[in-house]
Amino acid sequence: ASSESPSPEAPAADRKQPESDTLVVTSEDGITTIRLNRPTKKNALTNQMYHDIMAALQAASKDESVITVLTGSGDYYCSGNDLTNFASVPPGGLEEMARRGAVLLRDFVNCFIDFPKPLVAVVNGPAVGISVTVLGLFDVVYATDRATFHTPFSHLGQSPEGCSSYTFPKIMGSSKAAEMLIFGKKLTAQEACAQGLVTEVFPDGTFQKEVWARLKAYSKLPPNTMRISKQIIRNRERETLHTVNAEECRVLRERWQSDECMNAIASFLSRKAKL
Amino acid sequence: ASSESPSPEAPAADRKQPESDTLVVTSEDGITTIRLNRPTKKNALTNQMYHDIMAALQAASKDESVITVLTGSGDYYCSGNDLTNFASVPPGGLEEMARRGAVLLRDFVNCFIDFPKPLVAVVNGPAVGISVTVLGLFDVVYATDRATFHTPFSHLGQSPEGCSSYTFPKIMGSSKAAEMLIFGKKLTAQEACAQGLVTEVFPDGTFQKEVWARLKAYSKLPPNTMRISKQIIRNRERETLHTVNAEECRVLRERWQSDECMNAIASFLSRKAKL
Amino acid sequence: ASSESPSPEAPAADRKQPESDTLVVTSEDGITTIRLNRPTKKNALTNQMYHDIMAALQAASKDESVITVLTGSGDYYCSGNDLTNFASVPPGGLEEMARRGAVLLRDFVNCFIDFPKPLVAVVNGPAVGISVTVLGLFDVVYATDRATFHTPFSHLGQSPEGCSSYTFPKIMGSSKAAEMLIFGKKLTAQEACAQGLVTEVFPDGTFQKEVWARLKAYSKLPPNTMRISKQIIRNRERETLHTVNAEECRVLRERWQSDECMNAIASFLSRKAKL
């Protein structure tokens, strides 16, 4: 996977190819699949995994595949940002950690905004935080009926990211979006589907079989046409989405340095340590 | 409630505190509750009540509470604008009445656009007109299954307000919004919920108990975080909402002076007088 | 129907009145009804029918009617663009055919964007392609439970039109819209209603009776008020819709000259010829 020669204009992060076992990328039947593979940690995202996902998306955007899929190994889809990312403070202190975190998050979300081919989430179990918010940037979201969708930002002293402050009200209406983004309401798969965040829900027993059969059929459609249809939809909002992403990251950078956030994360890590 | 000293920069309307019995404001458990209290008139809004609600929202935006709630006393949530507001024509005639009405409406709706904390509607019964349209500016809307949602603008020769010409198509899609706003279709609570205007519907028997338990739990979340999350959602649309509100009020001011409107209101008041 | 004298500023297409049997226009009870009448071809749209519909909309916008309805004769609502429109290549070749097609489509969709009165679709059966996409520009869409909604653009090497790249994500959320517009998922009437594309679904047995009774009631509401309410909703998006329409037609013009599209249409016409 590291055979692709780096292009001179690509930023550093783009040149990396996923090498760790925590991300598994495969390509078959015109479909590139990016699989979160840290099941013992419910596929929580380490800083390394953010970089690996960006590299995998960058590679998938240029490979021969027609459709790109993001999914998870094991019972969870993704439990969100690994809060131990906050545990090791760099020499520059909290301020520097917040600065770096905001840059990483912004780059990560930009990869989803700019991804040029049909992008499908195969949500194989519960989804939390950033793995939920970026769903608004996917083209299609299939979910098992075991999946749940949870964005407990307020509980952690944090604010919405992944462009969810823009995409969620647009997708589900302001009154459903706010209960989720401000009050941290957890949705079932059926609720998320009724509100438009999820395209379709499948019984867990037949989820993988039904979803992959459908995706294989879709992958036989004319690839240029599908890419162009996606672009005509996305181009209209691309600039807005980049602005939203930048603004959300700016606010989060401040939040990460706030007492409310530090207290909430310290409390979370302390509860976790006692388990 | 009148103990707060007026700040020099606040406009006149902001300094008033509700003094009438038709509005009851209480604060408890981090929640400020503004209760329409004219149950014998189905909580129809007099001109005085518009001013009192604005003053109450202004006070709540500055008090120690975390969440602000609007609700109604008795069987109705609110039957909308009291049409007897149109009965006493001022010295300037119909034109002056329309001008004043448009200024009052614009100021009133602006208070909802700019309210800085999570704002929750506890819809305890049927809602009509302006009490329905401004729901698109609330963060969360809980409704009893007895509630209905009705905007009979066309029947009264009037046009949409409360930013509903913008928020309703965005929340429920153009084809649901137009039947409501142009043809005056009345929605049940379940329909309003399926279409995203209402966050959740509760059985009438347990409505108050369930809703207040949930709000008390939410009021314990970090207050700054929730305010900031609301702002990041609202800021993106604030300017648009003010423009929409101004335009809707401009059109309504003309409508109020039209034959279609005068005939419809005269007919309504005459039917009412015969009851 | 040709008695209306042409106004000097109207473009040529506006002056034509439908003369063919493939479109039947009637006016009664304040409702002008435009009926696609090519049931043996599932009401597929010939180039002539596009012109006739534009002329009928132009006439309806100026007549005495309050509400305008589009519906179909027979079992189908409309099977979309008649692909035999692509069979006769003009002297200028494929490039000229694509240019003309894009101009016609753009003019056609603009008529829906700019239509000034309440516009209602009475979807009496399956709907395909352009007849589905322009539904996002109607005010109200009533459908029989026999109706389906299908936009197989990718299957035909084509891209979204009728402003659907903008209206569909707004109405149904991005993840439902993309499965329909990119992957060509066919919706049932109930699904289209749940996702907001359709206002209400009726049992086929009582469809005509229920829908026309409701429309007759609506047609008695104050006509100026309804037109103004429609305009206040539409004006906010009019410029955006024209931009979207122009961009979609520009992309489609390129698509029509692509190998993917030519192969797909040739394959379709060849399969059809063998039946």
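Author: A residue counts as buried when its relative accessible area is under 20%. Please keep in mind that this is a predicted model. With that cut-off in hand, ask away!

Reader: Why is B:Cys78 called buried?

Author: Its relative accessibility is 0%, which is under 20%, so B:Cys78 counts as buried.

Reader: And what makes A:Cys163 count as buried?

Author: The reasoning is the same as for B:Cys78: A:Cys163 has 0% relative accessibility, and the cut-off is under 20%, so A:Cys163 is buried.

Reader: How do you know how many disulfides there are over all chains?

Author: A search of the whole structure finds zero. Take A:Cys163, for which the nearest cysteine sulfur belongs to A:Cys249 and lies 8.3 Å away. A disulfide needs two cysteine sulfur atoms within 2.5 Å, so A:Cys163 is in none. For B:Cys78, the nearest cysteine sulfur is that of B:Cys111, at 16 Å, and by the cut-off of 2.5 Å B:Cys78 is therefore in no disulfide either.

Reader: Let us turn to charges. Why do B:Glu260 and B:Arg255 count as a salt bridge?

Author: Their side chains come to 3.4 Å, N to O. The rule asks for a side-chain nitrogen of Lys or Arg within 4 Å of a carboxyl oxygen of Asp or Glu, so the pair qualifies. B:Glu260 has 17% relative accessibility, under 20%, and so counts as buried. B:Arg255, at 8%, is buried because that value is also under 20%.

Reader: What makes C:Asp114 partly exposed rather than buried?

Author: Its relative accessible area is 35%, and partly exposed covers the range between the 20% and 50% cut-offs, so that is where C:Asp114 belongs. C:Asp114 also forms a salt bridge with C:Arg238, with the closest N and O atoms 3.0 Å apart. This pair links distant parts of chain C, with C:Asp114 in helix H3 (residues 93–114) and C:Arg238 in helix H9 (residues 223–255), 124 residues apart.

Reader: Why are A:Glu179 and A:Lys185 called a salt bridge?

Author: They meet at 3.8 Å, N to O, and that is within 4 Å, so the pair passes. Both A:Glu179 and A:Lys185 are buried. In total, the structure holds 48 salt bridges over all chains.

Reader: What makes helix H5 of chain A mostly covered?

Author: Nine of its nine residues, 164–172, are buried. Among them are A:Tyr166, A:Phe168 and A:Lys170. Just after this helix, A:Gly173 takes a positive phi of about 85°.

Reader: Where is A:Thr199 found, and why is A:Thr199 called buried?

Author: A:Thr199 is in the loop between helix H7 (189–194) and strand E9 (200–202) of chain A. Its relative accessible area is 7%, which is under 20%, so A:Thr199 is buried. The side chain of A:Thr199 reaches the backbone oxygen of C:Ser175 at 3.0 Å. Beyond its neighbours within four places in sequence, the contacts of A:Thr199 include A:Tyr142, A:Cys193, C:Lys176 and C:Glu179.

Reader: How many residues of chain A are in contact with chain C?

Author: There are 31 residues of chain A in contact with 27 residues of chain C. The area buried between these chains is about 2400 Å², with 62% of it given by carbon and sulfur atoms. On the chain A side, A:Ile232, A:Ile233 and A:Arg236 lose the most area to chain C, together 24% of what that side buries.

Reader: Why do A:Arg214 and C:Glu179 count as a salt bridge?

Author: Their closest N and O atoms are 2.9 Å apart, within 4 Å, so the pair meets the rule. Between chain A and chain C the count is two salt bridges, along with 13 residue pairs in polar contact.

Reader: What does the interface of chain C and chain B look like?

Author: Chain C gives 31 residues and chain B gives 27. About 2400 Å² is buried, and carbon and sulfur atoms give 63% of that. C:Ile232, C:Ile233 and C:Arg236 supply 24% of the area that chain C buries against chain B, more than any other three residues.

Reader: And why are C:Glu200 and B:Lys185 called a salt bridge?

Author: Their side chains meet at 3.5 Å, N to O, which is within 4 Å, so the name fits. Two salt bridges are found across this interface.

Notes. Residues are numbered from 1 along each chain as its sequence is written. Chains are lettered from A and ligands numbered from 1 in the order in which they are written. This is a predicted model: local features need pLDDT of at least 70, side-chain atom pairs count only at pLDDT 80 or more; totals for chains, interfaces and linings use all residues. Side-chain values use heavy atoms; hydrogens and water are left out. Buried means under 20% relative accessible area, exposed over 50%, partly exposed in between (1.4 Å probe, protein chains only). Helices (H or I, at least four residues) and strands (E, at least two) are DSSP runs, numbered from the N terminus. A polar contact is a pair of N or O atoms within 3.5 Å; within protein, one must be able to donate a hydrogen and the other to accept it, and residues adjacent in sequence count only if both atoms are side-chain atoms. Contact means heavy atoms within 4.5 Å. Buried area is the accessible area (1.4 Å probe) that two parts lose on being put together, summed over both.
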